[in-house]
Amino acid sequence: MKKVMKGITRILPAYGVFPLIFSFVFNCLVYSGSRMIAGGWHHHNIETGVDRSLPFVPQFLMIYFGCYLFWAVNYILIARQDRRSVYQFFTGDFISRCICLGFFLAYPTTNTRPLITDGGLWNQAALWLYSIDAADNLFPSIHCLVSWFCYLGIRGRKEIPVWYQRVSMVIAVLVFASTLLTKQHVIVDVAGGILLAELCFFIGRKTQLYRIYEKLGSRIEKKILKITEG
């Protein structure tokens, strides 16, 4: 345990370890837990005519799957920031998942996926994705929410090169497109994810709620330091 924690704290400051790990765990709990609870409930289809007119482009699965690496890199960069910024960001991140959970349970949504009959690598990849990821938990899109958080969390940061900030914004936009062109989400899901990220990021930055999270995190930080310095 000591070696593991020392390895982690070489990458992250001790105060950034708990918020980062808890963010991942809570995200999984919200996504999987809501599906376990509401999976059999009636789901609303909020597709529009525009959604139905968009083509199915399975090659965008490269971006849809590849964004997990983007999330990991940017969330680590964010967890390396100063203490206040870290807790402000992850407070907003936590609030966003609580709101997502509320939507997933109060208004479950679904969409219409394409009938795939052709072979080929990308079509098979889409079939595999559909087999492990049911058409639920769509509004708001967590894929779009997290991708936009990845940009918001480094936007305007002096320690992050401007070129990488711009690249992050472009990647986030490509993720938005990938959710639509792989028929994983509809336009309203994408808009909901972006707006929710903006709202919760604002709450984290402009209120004192982060101090509650910081108080809890500080206790765990002391235990981490005790392990690594003991």
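This passage describes the overall fold, one helix and the aromatic pairs of a predicted model.

The protein contains ten helices and two strands. Along the sequence, these elements follow the order α-α-β-α-α-α-β-α-α-α-α-α. The C-alpha trace spans about 60 × 35 × 35 Å along its principal axes. The radius of gyration is 19 Å, which agrees with the value near 17 Å for a compact globule of 230 residues. Buried residues account for 47% of the 230 residues. Contacts between residues at least 6 apart in sequence were also examined; 87% of them join residues at least 24 apart. The exposed surface is about 11900 Å², and carbon and sulfur atoms supply 69% of it.

Helix α9 covers residues 187–206, 20 residues in total. From first to last C-alpha it reaches 29 Å, close to the 28 Å expected at 1.5 Å a residue. Its buried residues are Asp189, Val190, Gly192, Gly193, Leu196, Ala197, Cys200, Phe201 and Gly204. These residues cover an arc of only 160 degrees around the axis, so they lie on the same side of α9. Leu195, Phe202 and Lys206 are exposed on the other side. The cover over the buried residues of α9 includes four helices: α5 (83–106), α7 (142–152), α8 (162–181) and α10 (210–229).

Helix α10 also takes part in aromatic pairing, through Tyr213. The whole structure holds 20 aromatic pairs. In one of them, Phe22 and Tyr213 meet edge-to-face, 6.4 Å centre to centre, with 75 degrees between the planes. This pair links distant parts of the chain: Phe22 belongs to helix α2 (residues 14–38) and Tyr213 to helix α10, 191 residues apart. Phe22 has a relative accessible area of 27%, so it is partly exposed. Tyr213 has 10% relative accessibility and therefore counts as buried.

A pair within a single helix is formed by Tyr68 and Trp71 in α4 (residues 61–79). Its arrangement is edge-to-face, with 4.8 Å between the centres and 65 degrees between the planes. The two residues are three apart in sequence, about one turn of the helix. Tyr68 is partly exposed at 44% relative accessibility, whereas Trp71 is buried at 12%.

Ring pairs also build a cluster. Phe18, Phe22, Phe26, Tyr87, Phe94 and Tyr213 are linked in this way. Both partners of the pair between α2 and α10, Phe22 and Tyr213, belong to that cluster.

Note on methods: Residues are numbered from 1 along each chain as its sequence is written. This is a predicted model: local features need pLDDT of at least 70, side-chain atom pairs count only at pLDDT 80 or more; totals for chains, interfaces and linings use all residues. Side-chain values use heavy atoms; hydrogens and water are left out. The expected span of a helix is 1.5 Å times one less than its number of residues. Buried means under 20% relative accessible area, exposed over 50%, partly exposed in between (1.4 Å probe, protein chains only). The arc is that of the directions from the helix axis to the C-beta atoms. Contact means heavy atoms within 4.5 Å. Rings of Phe, Tyr and Trp (its six-membered ring) pair if their centres lie within 6.5 Å; planes under 30 degrees apart count as stacked, over 60 as edge-to-face and the rest as tilted. The radius of gyration is taken over C-alpha atoms; the globule rule is 2.2 Å times the number of residues to the power 0.38. Accessible areas come from the Shrake-Rupley method with a 1.4 Å probe; for residues, only the protein chains shown count as cover.
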